[in-house]
Amino acid sequence: MLDLLLTNGLVVTPSGPRRLDVGIANGTIVSLTAPEFGTPAEARRTIDVRGQLVVPGGVDPHVHTNSVLPTAAESGIKCFGPDRVSEGAIYGGTTTLVDFAHWQPGDELSQSFARKSAEWAGSTYTDYALHGTFKEPEIPFEVLEQIPDAVAAGHGSYKVWMTNTTPTRPRQKTDLGNMWGLMEQTAAAGAMLAIHAEDDDIVMYSYKRLQRAGKIGLEYMSHAHNNLSEKLSFQRAITLAEHVGAPIYIMHVSAREGVDAIREARGRGLPVYGEVLPHYAHFTADDYRQENGAIYHTYPSLKSADDRDSMWDALLEGALSTLATDGVCTDLDVKTRGKTILDATGGHAGVEMRMAVAYTEGVAKRGLDLTRFVDLTSANAAKILGLYPRKGAIAIGSDADLAVLDTTEARVVTSSDLHEADYTPWEGYEVAAWATMTVLRGQVVVEDRELKTGPLGTLQEQRVSADVRSRPAC
């Protein structure tokens, strides 16, 4: 007998959308049956989702939790923890989040992962994985040499910054030589290296020039975190990756120049993957001039309408691979405490809205294929970070992680609809899809917009496939 059966939904499998009954037992998908073929299987619970869209639970490959905000380092203010962020995610149809385990000087690499995992264990409504993350100019050789053991233990992705981001926040840039050493280790161990790519020299000089001219308002953010910085840093990262023979995942692409660099690299067969955030594909630098314009900001900056439009062209054609959030969830008073380019808080509340915005902007407005919608919201992130096909697919043997979306009527979003913060940059935005049910490993966690169970998320092992590591596979 099945534990759960979802019947009559339009189900998006790797081979495309089809009306199917989804049978679930012991937390996994065990049957996919067309309703016209006989009587549905017997199940302890059957839910009719007729008229609704059933997709894999979302995979957000880029969230931050319990981290001290860099522009508020002196005060020790932190963004929200896994409990609050995962609650928003599960309401929005996302079932797996990927956070950052920061290595600290004196740590064994395994200690970094254990410390961050302890923050998530027992408090998360979603499953989770962790990027091993370095925020130091130099990474000791003895730590680099621990990467193969960490990868063998299931930690298959790592991250570095190429910039300190602002002149006022704590250092986080890893120099290019140490990045080279890290890239050699991740490539040899079969892991993925994620990169925050901005050219530090260009960014810091731009800040000095803007300060000298007295142009430090938020409206000048795109002049500091500019297109030239993205172009130079992407070219350097890709050149280094090609030299090493390493796969890389470039986070939060924000400019046409970044898109072009990734497109060119992938055209030459390099395993380079690009991530965009929904707000880069919707808002522009003009939105910094709005009241509370900081709510639209994360690093790098928003840019022009031309840059924004290039994001959707790249998502539609496949040059960019994922839609993430760079979620840094705080309430409005914290998000807007910084008023200038020197102290603005990066990241914003967007985890809960990601699936709805992706459907609205992609499928409803631009005719994005439903299979490609799944690619952008779950499958590709799962592949790139070594979670597929356990995550990101509705297939026999995959985890029964499902999002049921109502696409029958539009809905105007207000912050009172949401759960991760007391504000949303998407206030007043009209969505064409709305998550009504979310299932995690066969457990109905959200139903009819009500939370039905407590936290039950677990740490996921990452095993990046040779296909993803050797060519632009998704």
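# A chat about helix α12, strands β1 to β3, and a few single residues

Guide: In this predicted model, helix α12, which spans residues 354-366, has ten of its 13 residues buried, so the helix is largely enclosed by the rest of the structure.

Visitor: Which residues in α12 are buried?

Guide: The buried positions begin with R354, M355, A356, V357 and A358, and they continue through Y359, T360, E361, G362 and V363.

Visitor: And what comes just after α12?

Guide: Just after that helix sits G367, whose phi is positive at about 70°.

Visitor: Switching to strands, how many residues of β2 are buried?

Guide: Seven of the ten residues in strand β2, which covers residues 16-25, are buried, and the strand is therefore described as mostly covered.

Visitor: How does β1 run relative to β2, parallel or antiparallel?

Guide: Strand β1, made of residues 4-13, runs antiparallel to β2, and eight bridges join the two; the connection between them is a hairpin that passes through two residues.

Visitor: What about β2 and β3, how many bridges there?

Guide: Five bridges join β2 to strand β3, which takes in residues 28-33, and this pair is antiparallel. These strands also form a hairpin with two residues between them, and in that turn N26 has a positive phi of about 55°.

Visitor: Which residue of β2 is the bridge partner of L5?

Guide: That partner is G23, and G23 also stands opposite S31 in β3.

Visitor: New topic: how many disulfides does the structure hold?

Guide: The structure holds zero disulfides. C79, for instance, is in no disulfide, and the nearest cysteine sulfur to it, belonging to C329, is 7.4 Å away, whereas a disulfide would need the two sulfur atoms within 2.5 Å.

Visitor: Is C79 buried or exposed?

Guide: C79 is buried, since its relative accessible area is 3%, and the cut-off for that label is under 20%. C474 counts as buried as well, with a relative accessibility of 10%.

Visitor: Last one, S310: where does that residue lie?

Guide: S310 lies in helix α10, which runs over residues 305-317, and S310 is buried because its relative accessible area is 2%, under the 20% limit.

Visitor: What does the side chain of S310 reach?

Guide: The side chain of S310 reaches the backbone oxygen of D307, at 2.6 Å.

Visitor: And which residues does S310 touch, leaving out those up to four places away in sequence?

Guide: With those sequence neighbours left out, S310 touches A255, R256 and V259.

Notes. Residues are numbered from 1 along each chain as its sequence is written. This is a predicted model: local features need pLDDT of at least 70, side-chain atom pairs count only at pLDDT 80 or more; totals for chains, interfaces and linings use all residues. Side-chain values use heavy atoms; hydrogens and water are left out. Helices (H or I, at least four residues) and strands (E, at least two) are DSSP runs, numbered from the N terminus. Buried means under 20% relative accessible area, exposed over 50%, partly exposed in between (1.4 Å probe, protein chains only). A polar contact is a pair of N or O atoms within 3.5 Å; within protein, one must be able to donate a hydrogen and the other to accept it, and residues adjacent in sequence count only if both atoms are side-chain atoms. Contact means heavy atoms within 4.5 Å. Two strands pair if DSSP finds at least two bridges between them.
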